[in-house]
Amino acid sequence: MANTVIGSTIVIDGEITGDEDLVVQGTVKGRVSLRENIFVEESGVLEANVETATITIHGRVTGDVHASERAELKSNCRVVGDIRAPRVLIADGASFKGSVDMDA
Amino acid sequence: MPLAPARTPPSPPSSGSASGFGSAPGSGFGPRGSTSTQGGGCVIGPRITVRGALSGEEDLVVEGRIEGRITLIGHLVIAPGGVVEADVEASSVEVRGQVRGDISAARSITIERGAQVAGNVRAPRVMIHDGAHFQGAVDMDVALPDGLGRSR
């Protein structure tokens, strides 16, 4: 089963839906709605509202995140937006502006 | 390339498991960042749908579904399960799946056996293999679209 990798020079302006893991090294603007795991790497930029099972952010996310299992903000990430997830991990060095709601 | 081992479609343990890539602190994806050079290969997996405009400067393999527009400086492969309902502009295109829309390439378009293309194709070189389904016009006298003339 292939893993979906959005390369660092790729820009997607629109909506991504799907049923498998997604690795974002490029730019996605719009909406992302997955049922699996999203990894936003350091070069990744997500300007989108996201619905997913888990999300792990090393890059930049601007938008609301709704994770049904877990949201993880790693060191050096920059996140602006609201996070709704039952488990939220924010690492030392992460930059985050928004609200956290763990009653998701 | 540090990211090379992880770039080719890896085999994640199972799609539903939460202990996939990112959970371990020293995991291969995290701290290294991206060192993408052209030809790294971007893959849109079989269960992903992208609706909108996709643009980029690297090679792309589509195994899922794309609706809208694709503008790529690079080699585009539409894998056997891929469905593209979009107008496509790329440096070169290899179709093994389904395309509904116009394809315009700076170098070549290849329509392989088993592919289904409904739309017009424009490229200096067009190859249609035995067993391909094709409906549309072929235009081989093409002025390069802006930005796609870059040699790779």
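This report walks through a predicted model of two chains, A and B, from the overall layout down to single residues.

**Ground rules**

Residues count from 1 along each chain as its sequence is written, while chains are lettered from A and ligands numbered from 1 in the order in which they are written. Since this is a predicted model, local features need pLDDT of at least 70 and side-chain atom pairs count only at pLDDT 80 or more, but totals for chains, interfaces and linings use all residues.

**How sure is the predictor?**

For the complex, the predictor gives an ipTM of 0.78 and a pTM of 0.72. Chain B has an average pLDDT of 78, and 69% of its residues score at least 70; pLDDT is the predictor's confidence in each residue, from 0 to 100. Watch the start of chain B: over residues 1–39, pLDDT stays under 50. The model has 62 contacts beyond four places in sequence for that stretch, a contact being two residues whose C-beta atoms, placed from the backbone, lie within 7 Å. Where pLDDT is low, the predicted coordinates should not be read in detail.

**The two chains**

What are the chains built from? Chain A has zero helices and 13 strands, and chain B has one helix and 13 strands. Helices (H or I, at least four residues) and strands (E, at least two) are DSSP runs, numbered from the N terminus. If you read along chain B, the helix comes before the strands.

In chain A, 49% of the 104 residues are buried, and in chain B the buried share is 39% of 152 residues. A residue is buried if 20 or more other C-beta atoms lie within 10 Å of its own, exposed if 12 or fewer, and partly exposed in between, with C-beta atoms placed from the backbone.

Now take the contacts with a separation of 6 or more. In chain A, residues 24 or more positions apart account for 2% of them, and in chain B for 11%.

The C-alpha trace of chain A spans about 30 × 25 × 25 Å along its principal axes. Its radius of gyration is 12 Å, which agrees with the value near 13 Å for a compact globule of 104 residues. That radius is taken over C-alpha atoms, and the globule rule is 2.2 Å times the number of residues to the power 0.38.

**Strands side by side**

Two strands pair if DSSP finds at least two bridges between them. Here are some pairs you can look for:

| Strand | Partner | Direction | Bridges |
|---|---|---|---|
| β2(A), residues 11–18 | β2(B) | antiparallel | eight |
| β2(A) | β4(A) | parallel | eight |
| β4(A) | β6(A), residues 45–57 | parallel | seven |
| β2(B), residues 48–56 | β4(B), residues 65–72 | parallel | eight |
| β4(B) | β6(B) | parallel | seven |

Where the two chains meet through β2(A) and β2(B), A:Gly18 stands opposite B:Ile48. Inside chain A, A:Glu15 has A:Arg31 in β4(A) as its bridge partner, and A:Thr27 is matched with A:Val45 in β6(A). Over in chain B, B:Ser55 is partnered by B:Thr71 in β4(B), and B:Arg69 stands opposite B:Asp87 in β6(B). In a regular strand the side chains alternate between the two faces of the sheet.

**The nonpolar core**

Which residues have the most contacts inside the largest nonpolar core? They are A:Val24, A:Ile38, B:Ile70 and B:Leu76, in a core of 60 residues. Strand β6 of chain B (residues 83–95) gives the most to this core, with six residues. A nonpolar core is a set of buried Ala, Val, Leu, Ile, Met, Phe, Trp, Tyr and Cys residues joined through C-beta atoms within 7 Å. In soluble globular proteins, nonpolar side chains tend to be buried together.

B:Ile70 is worth clicking on. It is the bridge partner of B:Leu54. Leaving aside neighbours within four places in sequence, the contacts of B:Ile70 include B:Leu54, B:Leu76, B:Val84 and B:Val88, along with B:Glu89.

**Two loop residues in chain A**

Is A:Glu36 buried or exposed? A:Glu36 is buried, because 22 other C-beta atoms lie within 10 Å. This residue sits in the loop between β4 (27–34) and β5 (37–40) of chain A. A:Glu36 and A:Thr52 are 16 residues apart in sequence, and their C-alpha atoms are 5.9 Å apart in space.

A:Asn76 lies in another loop, between β8 (65–73) and β9 (78–80) of chain A. With 17 other C-beta atoms within 10 Å, A:Asn76 counts as partly exposed. Although A:Asn76 is not a glycine, it has a positive phi of about 75°.
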